[in-house]
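Biologist: I've got a fold on screen and a list of things I'd like to ask about its strands and charged pairs. Can you walk me through it?

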Amino acid sequence: MRKILIAGNWKMHGSHVMVAELLTKLLENVIPADTIELAVFPPFPYLHGTQALLQGSPVSWGGQTLNPAPQGAHTGEVSAAMLLEFGCRFVLVGHSERRSLYGDSNKDVALRFEAAVKAGLEPVLCVGESLEERESGDTEAVIARQIEAVIDHCGINSFSSAIVAYEPVWAIGTGKTASPDQAQEVHAFIRDKLVAQDDIIGGQIRILYGGSVNGSNAADLFAREDIDGGLVGGASLKADDFLAIRDAAV
Ligand code: PEP
């Protein structure tokens, strides 16, 4: 059985005070991670404080991106080994904001994914189509290209420790959510694609939905067969909102 994962992507939000308050509240309300897992993705400077608070708890954490190089002259970048030193279990790769604002190509995403897997991090591969691509009927072709770039470079076995997040770009931070039917259709497409390569890996991999998930729409989304949790942006910045999403999955 695939365990539901509710993952909070804080993006470039937060402060010392916010991190302490939010994580303390999560810890006060945490439930054993038998069927549901929680994870947070703070900005890099807050990983240390996150580790200090969450170490030994059922809540995991991760980085929002990584550089594929092990070290070197890469000003502003962070390596897989550095994330591991701060206790990260996960790392996001290919978030649509990285793709659109910082030029991450499918090839770049594949290199980051490879570095994460090699280091022992669990990559969360983010894929999704723009509104224009959806309206022109290209959703599946776009998602296929994003996933194939990683399979071609890293091989299907590298997905055995990975998670995929389907995040339609038009639903991120817009308040518009894909309907459960729209989301399930793409999740099934992603799973079928991975099953075609390896039925065990494809059957076991968790596929999260991301795009304006909140406490009101989460239950309907998570009830669908191939939706194994959520990657949550805005609603992960307040403990009550994040916990409402967790509660919708219980
Ligand atoms: C995200 O950043 O991955 C995201 C899904 O954001 P939001 O929940 O705010 O749409």
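Biologist: Which residue in S6 is the bridge partner of Val-127?

Modeller: Bear in mind that this is a predicted model. Strands S5 and S6 pair in the parallel sense, over four bridges. Look across from Val-127 into S6, and the bridge partner there is Tyr-166.

Biologist: And on to S7: which residue there does Val-164 stand opposite?

Modeller: S6 is also joined to strand S7, residues 206-210, by four bridges, and these two run parallel. In S7, the residue opposite Val-164 is Ile-207.

Biologist: Are the residues on the two faces of S6 buried or exposed?

Modeller: In a regular strand, side chains alternate between the two faces of the sheet. Here one side of S6 has Ile-163 and Ala-165, while the other has Val-164 and Tyr-166. Both faces are covered, and those four residues are all buried.

Biologist: In what order do the eight strands close into a barrel?

Modeller: Strands of a sheet pair through backbone hydrogen bonds, either parallel or antiparallel. In this barrel the pairing is parallel. Neighbouring strands are turned by 25 degrees against each other on average, ignoring direction. The order is S1-S2-S3-S4-S5-S6-S7-S8.

Biologist: What angle does the direction of helix H7 make with that of S5?

Modeller: Helix H7 covers residues 139-154 and packs on the sheet. The strands H7 touches are S5 (122-127) and S6 (163-166). Its direction relative to S5 comes out at about 155 degrees.

Biologist: Over how many bridges do S2 and S3 pair?

Modeller: S2 spans residues 36-41 and S3 spans 59-63, and they pair in the parallel sense. Across them, Ala-39 in one strand stands opposite Ser-60 in S3. The count for this pair of strands is three bridges.

Biologist: Now Asn-9 in strand S1. Why does Asn-9 count as buried?

Modeller: Buried means under 20% relative accessible area. Asn-9 touches Phe-41, Leu-92, His-95 and Leu-231, among others. Asn-9 is classed as buried because its relative accessible area is 3%.

Biologist: Which side chain is joined to that of Asn-9 by a polar contact of 3.4 Å?

Modeller: Don't mix this up with the backbone nitrogen of Lys-11, which lies 3.0 Å from a polar atom of the Asn-9 side chain. The 3.4 Å contact joins two side chains, and the partner of Asn-9 is His-95.

Biologist: Let's do charges. How many residues apart in sequence are the parts tied together by Asp-240 and Lys-25?

Modeller: Side chains of opposite charge can pair when their charged atoms come close. For Asp-240 and Lys-25, the closest N and O atoms are 2.9 Å apart. Asp-240 sits in helix H11 and Lys-25 in helix H1, so the salt bridge ties together parts separated in sequence by 215 residues.

Biologist: Which residues are linked with Glu-122 in a network of salt bridges?

Modeller: Start with Glu-122 and Arg-89, whose closest N and O atoms are 2.9 Å apart. Glu-122 lies in strand S5 and Arg-89 in the loop between helix H3 and strand S4, so the pair ties together parts 33 residues apart in sequence. Along with Glu-122, the network takes in Lys-3, Glu-37, Arg-89 and Arg-206.

Biologist: Last one: is Glu-129 buried or exposed?

Modeller: Glu-129 forms a salt bridge with Arg-134, with closest N and O atoms 2.7 Å apart. Arg-134 is partly exposed at 22%. Glu-129 has a relative accessible area of 0%, so Glu-129 is buried.

Technical notes. Residues are numbered from 1 along each chain as its sequence is written. This is a predicted model: local features need pLDDT of at least 70, side-chain atom pairs count only at pLDDT 80 or more; totals for chains, interfaces and linings use all residues. Side-chain values use heavy atoms; hydrogens and water are left out. Buried means under 20% relative accessible area, exposed over 50%, partly exposed in between (1.4 Å probe, protein chains only). A polar contact is a pair of N or O atoms within 3.5 Å; within protein, one must be able to donate a hydrogen and the other to accept it, and residues adjacent in sequence count only if both atoms are side-chain atoms. Contact means heavy atoms within 4.5 Å. Two strands pair if DSSP finds at least two bridges between them. Axes are lines fitted to C-alpha atoms, for helices over the stretch in contact, and angles run from 0 to 180 degrees between N-to-C directions. A salt bridge is a side-chain nitrogen of Lys or Arg within 4 Å of a carboxyl oxygen of Asp or Glu. Lists of a residue's contacts leave out its neighbours within four places in sequence.
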